[in-house]
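This briefing covers the empty spaces within one protein model and the packing of some of its helices. Please keep the sequence and the structure in view while reading.

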Amino acid sequence: MTPAAKAAYIAILIALSLILSYVEALIPLNFGVPGIKLGLANLVVLIGLFLLRPGEVLAISTARIFLAGFLFGNAASIIYSLAGGLASFAVMLLLIRFSHLSIMGVSIAGGVSHNVGQIIVAALAVENIKILYYLPALLIAGVLTGLLIGVIGGRVLPVVRRIVRRR
């Protein structure tokens, strides 16, 4: 793939993840616990980790976090999303490289680590360790949303691999 084609491909993936972020912002879900989201944009990161170089996926994830934060959020949402996104990216990358977990297992670990990254930043921001009482609810949410994204990713990855091979 030429450098220009690679840049265009990455730009398309950033746009796709941004669209998924926007769609998620439009879905009025109330899980009973504030701040819990489905993590639809993480589907692009998950698939990307199986198909692209880590630096490319990190660029996609980071660009999406900043763009979505500027468009649909605020500075605080960018900080929390960045903490969760970087934690999730690192954990999923390590698991793909050094374990035999399925895409579903990798996604669940990514969902959980995303929430752990965010709660650590929240504890530092509010300077109160009691916010960690919120962690069990976030861990359950991370497992459930990670499972959902993993199931979707398991269905999408073979299709995307076929498309990429044709190019």
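What volume does the largest pocket have? In this predicted model, the largest pocket has a volume of about 1000 Å³. The second largest pocket has about 390 Å³, and the largest cavity holds about 40 Å³ of space. Two helix pairs, α1 with α3 and α2 with α4, are described after these spaces.

**The largest pocket**

- The lining of the largest pocket comprises 43 residues, and those nearest its centre are G35, K37, S81, H114 and Q118.
- Six helices each give at least two residues to this lining: α1 (3–26), α2, α3 (54–72), α4, α5 (103–126) and α6 (135–166).
- Helix α5 provides the largest share of the lining, with 8 residues.
- By class, the lining of the largest pocket consists of 22 nonpolar, 18 polar and 3 charged residues.

**The second largest pocket**

- Sixteen residues line the second largest pocket, and Y9, L13, L51, V160 and V164 lie nearest its centre.
- Two or more lining residues come from each of α1, α2 and α6.
- The largest share of this lining, 5 residues, belongs to α2.
- The lining of the second largest pocket divides into 14 nonpolar residues, 1 polar residue and 1 charged residue.

**The cavity**

- A search of the whole structure yields 1 cavity of 30 Å³ or more.
- The residues lining the largest cavity are N42, V45, S61, G85, S88, F89 and M92.
- Helices α2 (42–51) and α4 (75–98) each contribute at least two residues to the cavity lining, and α4 gives the largest share, 4 residues.
- The cavity lining contains 3 nonpolar and 4 polar residues, with no charged residue among them.

**Packing of α1 against α3**

- Two packed helices are described by the angle between their axes and the distance between the axes.
- The axes of α1 and α3 lie 9 Å apart, and the two helices pack at an angle of about 40°.
- This angle makes α1 oblique to α3, because angles of 35 to under 65 degrees fall outside both the roughly parallel and the roughly perpendicular classes.
- The crossing in which α1 passes α3 is right-handed.
- On the α1 side, the contact is formed by K6, I10, L13, I14, S17, L18, S21 and Y22; on the α3 side, it is formed by E56, A59, I60, A63, R64, L67, A68, L71 and F72.
- The contact of α1 with α3 has 12 nonpolar, 2 polar and 3 charged residues.
- L13 of α1 takes part in this contact and is also one of the residues nearest the centre of the second largest pocket.

**Packing of α2 against α4**

- Helices α2 and α4 pack at an angle of about 35°, and their axes are 10 Å apart.
- Helix α2 also passes α4 in a right-handed crossing.
- V45, L46, L49 and F50 of α2 meet F89, M92, L93 and I96 of α4.
- This contact has 8 nonpolar residues, no polar residues and no charged residues.
- V45, F89 and M92 take part in the contact of α2 with α4, and these three residues also belong to the lining of the largest cavity.

Terms used: Residues numbered from 1 in each chain as written. Predicted model: local features only at pLDDT ≥ 70, side-chain atom pairs only at ≥ 80, totals over all residues. Heavy atoms only, no water. 1 Å grid on protein atoms, 1.4 Å probe; cavity = no way out; pocket = protein on both sides within 12 Å on 5 of 7 lines; lining within 4 Å. Points joined across faces, edges and corners; volume = space filled by probe spheres on them. Nonpolar A, V, L, I, M, F, W, Y, C, P; charged D, E, K, R; others polar. Axes fitted to C-alpha atoms, helices over the stretch in contact; angles between N-to-C directions. Parallel < 35°, antiparallel > 145°, perpendicular 65-115°, else oblique. Left-handed = near helix turned anticlockwise from the far one by under 90°. Contact = heavy atoms within 4.5 Å.
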